[in-house]
Amino acid sequence: MRITVPVPGTPLDLDTVNLFDPELYAHGDPHTVWAQLRRHAPVHRTTLPDGRSFWSVTRYADVNDVLRDHTRFTSSRGTLLSILGNTDPAGGKMMAASDPPVHTALREPMTRVLSHRALQPHNPRIRRVVHRMLAPLLDGGTWNIAHAGARFPMAFTGTLMGLPEEDWPHLAHLTTMAIAPQDDDYRQSEGDGTLAAAHHELFAYFSGQVTRRKRTPTDDLVGFLVGMEAGGRRLRHDEIVYNCYSLLLGANVTTPHAIAATVLALIEHPAEWARWTADPSLTPVALEEGLRWASPANHFMRYVTRDLTLHDRHLREGDAVVAWLGSANRDEEVFADPFRFDVTRRPNRHVAFGFGPHYCIGAPLARIALRMLFDEIVTSVEEFALAGPVEHLTSNFVAGIKSMPLTARLRPDAARVIDTAVTEEGPVAV
Ligand code: HEM
C-alpha cells in the first residue's frame with residue numbers, strides 16, 4: 001500500500017469512496033480517504049455494484065471496540081472482505097474465525113507453544129534465517145528487500161511447522177495469491193478463481209502434512225496441532241488443516257511488509273535512520289513505530305450479532321463491519337503527530353497486531369524475528385538507497401510492497417561478520 005501523508009483540504013466525495021477496491025491500496029491514497037472518514041464519517045457504509053455492503057469504522061476507539069467485543073461483533077462468519085457475503089467454511093473451526101468459548105479452547109494451548117518463552121529454543125534457527133536473508137547484501141549489488149522479505153517468515157514458520165524446505169517458495173507464492181488475488185503478479189483467472197485455487201492447493205497440502213503426522217508423530221507445530229486437545233477432545237482433520245493454514249497465512253502475508261515499509265520509511269526519513277543507528281538500543285521502540293507505520297494487516301471484518309447504533313448509524317443484525325487498522329494507527333486523537341515517523345515514539349499503543357481476544361497469536365514470534373533482523377541491519381548497514389521503483393501490492397487486506405530494489409553501503413567489518421555467521425551456521429533447515 002502507498003503510505004502517504006494526507007494534504008489537508010484535498011477534495012473527496014465520501015459517497016463515491018470505495019474501500020473495497022484493491023486498486024486504491026496499490027495506486028490510490030487510502031490515508032487521505034481514512035483521514036476524512038475519521039473526521040466526517042466515522043461509521044461509513046459502502047455498497048458494491050453487486051449489492052453487497054459493509055460498514056467501515058476508522059477511528060481507533062471504534063476499531064478497538066469492534067475487535068474486542070465478540071458478543072456484538074462475531075468472527076465466526078469470516079473476518080476478511082475477500083469473502084464478504086459468503087459464509088466462511090472455517091467458521092467455528094479455525095481460531096481466527098471463531099468466538100469464545102470455541103476460540104478460547106483453541107487459542108489457549110496454541111498460546112503456550114507460541115509464547116515468547118516457548119520460542120526461545122528456536123532463536124538460533126531464526127538468527128540463521130536472518131543471516132541468510134542478509135547474505136546477498138555482501139556482494140554490493142542490487143537487493144530486492146521485498147523479494148527477500150517474502151521468503152523470510154516462510155523460513156522461520158516453515159521450520160517451526162516442520163514443512164520441507166523445497167516447498168517454501170511455492171507456499172509463499174500461494175499465501176500471497178490468497179490475499180492479493182487481483183494483483184497482476186498473482187492473478188491466475190478472473191473472479192474468485194485465484195483465491196479458490198490458492199485455498200484448494202493450500203488445504204490439500206496441509207491435509208497431506210496432517211495425514212503424514214497421524215501416521216508418524218512429529219514434534220513440530222503441525223504435529224502439535226495433531227495431538228492437541230481443545231474443549232476436552234482432539235481436533236478433527238479439517239480443524240487441524242484450517243489452523244495450519246491460518247498460522248502460515250498469518251505469518252507469511254504480514255511480516256515481509258513490516259520489513260520493507262520500515263526500511264522505506266527510514267530511506268525517506270534519513271534523520272530517523274541516523275537517530276536509530278546512533279543508538280541501536282532503540283530497536284525495540286523503533287520496531288513498534290515501523291509496525292504502526294506499516295500496519296501490514298489493513299483490516300479485519302466482523303458481523304453484527306444484533307441491531308445496534310454506532311455514532312448515530314443504525315447497524316442491523318448480520319451487517320458486516322470492517323475495522324481499518326491502518327486508519328486507527330493514524331488516529332490523531334491517540335497518536336501525537338500521527339503522520340510523523342518517529343523511531344522514539346512512546347507511548348505507541350498501535351493496533352498493528354489487532355486488539356482483544358484475537359490479538360495476533362504470532363506477535364511474539366514476529367517481534368523476535370523482526371528484532372533479530374533489525375538488530376543486524378542497524379549495526380551492519382551504513383546507508384540504504386532505492387535502486388528502482390517501489391511496487392505496491394493490489395490488495396484491500398494487506399498493505400504490501402511487492403518489489404523494492406535497494407543498494408546498501410555496509411559498515412566496515414559488517415561483511416566479514418555476516419559472512420562468518422553464515423559459514424559457521426550452515427543451512428537453515430535442521
Ligand atoms: C508483522 C507481523 C504480523 C502482523 C502485523 C499480524 C497481524 C495480525 C492481526 C491484526 C490479527 C488480529 C485478527 C483479528 O482481529 O481478527 C492477527 C491474528 C492472528 N495472527 Fe498475526 N500478524 C503478524 C504475524 C503473525 C505470525 C508470525 C503468525 C504465525 C505464527 C500469525 C498468526 C496469526 C493468527 C493464527 C491469528 C489469529 C489469532 C486469533 O484469532 O486468536 N501472525 N494477526
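This passage walks through the ligand site of a predicted model and then through several residues elsewhere in the chain. Residues are numbered from 1 along each chain as its sequence is written, and side-chain values rest on heavy atoms, with hydrogens and water left out. Because the model is predicted, local features need pLDDT of at least 70 and side-chain atom pairs count only at pLDDT 80 or more, while totals for chains, interfaces and linings use all residues.

We may start with the ligand. The shell around the ligand holds 26 residues, of which His103, Arg107, Arg302, His358 and Cys360 come nearest; a residue is near a molecule or strand if one of its heavy atoms lies within 4 Å of it. Three of the side chains meet ligand oxygen atoms. A polar side-chain atom of His358 lies 2.5 Å from an oxygen atom of the ligand, an N or O atom in the side chain of His103 is 2.7 Å from a ligand oxygen, and for Arg302 the corresponding distance is 2.8 Å. The elements that give two or more residues to the shell are α4 (102-114), α11 (237-252), β7 (299-304) and α16 (363-380). Here helices (H or I, at least four residues) and strands (E, at least two) are DSSP runs, numbered from the N terminus. The largest share, 4 residues, comes from α11. By character, the shell divides into 16 nonpolar, 8 polar and 2 charged residues; Ala, Val, Leu, Ile, Met, Phe, Trp, Tyr, Cys and Pro count as nonpolar, Asp, Glu, Lys and Arg as charged, and the others, Gly among them, as polar.

The iron atom of the ligand has Cys360 (SG) as its only protein donor, at 2.3 Å. Donors are N, O and S atoms within 2.8 Å of the metal (3.2 Å for Na, K and Ca), and water is not among the atoms, so sites may look incomplete. Cys360 sits in the loop between α15 (325-328) and α16. At 27% relative accessibility, Cys360 is partly exposed, where buried means under 20% relative accessible area, exposed over 50%, and partly exposed in between (1.4 Å probe, protein chains only).

Cysteine pairing comes next. A search of the whole structure finds 0 disulfides, a disulfide being a pair of cysteine sulfur atoms within 2.5 Å. Cys244 is in no disulfide, and the nearest cysteine sulfur, that of Cys360, is 16 Å away. Cys244 is buried, with a relative accessible area of 0%.

The loop between α15 and α16 also holds Arg345. Arg345 counts as buried because its relative accessible area is 8%. The side chains of Arg345 and Glu289 are joined by a polar contact of 3.1 Å; such a contact is a pair of N or O atoms within 3.5 Å, and within protein one must be able to donate a hydrogen and the other to accept it, while residues adjacent in sequence count only if both atoms are side-chain atoms. A polar atom of the Arg345 side chain also lies 2.8 Å from the backbone oxygen of Ala336. Leaving aside residues up to four places away in sequence, Arg345 touches Val285, Glu289, Arg292, Phe335, Ala336, Asp337, Pro338 and Arg340, with contact meaning heavy atoms within 4.5 Å. In this loop, too, lies Pro347, which is joined to Arg346 by a cis peptide bond with omega about -5°.

A second cis peptide bond runs from Pro100 to Pro101, with omega near 5°. Pro101 belongs to the loop between β3 (73-74) and α4, as does Thr79. Thr79 is buried at 10% relative accessible area, and its contacts, not counting residues up to four places away in sequence, are Ala96, His299, Phe300, Met301 and Arg302.

Most residues other than glycine have a negative phi, and most peptide bonds are trans. Ser295, in the loop between α14 (283-294) and β7, has a positive phi of about 40° and is buried at 3%. His311, in the loop between β8 (308-310) and β9 (313-315), has phi near 45° and is partly exposed at 39%.

Finally, Asn18 lies in the segment before α1 (22-27) and is partly exposed, with a relative accessible area of 30%. The side chain of Asn18 reaches the backbone nitrogen of Phe20 at 2.9 Å. Asn18 and Leu48 are 30 residues apart in sequence and 8.1 Å apart in space, C-alpha to C-alpha.
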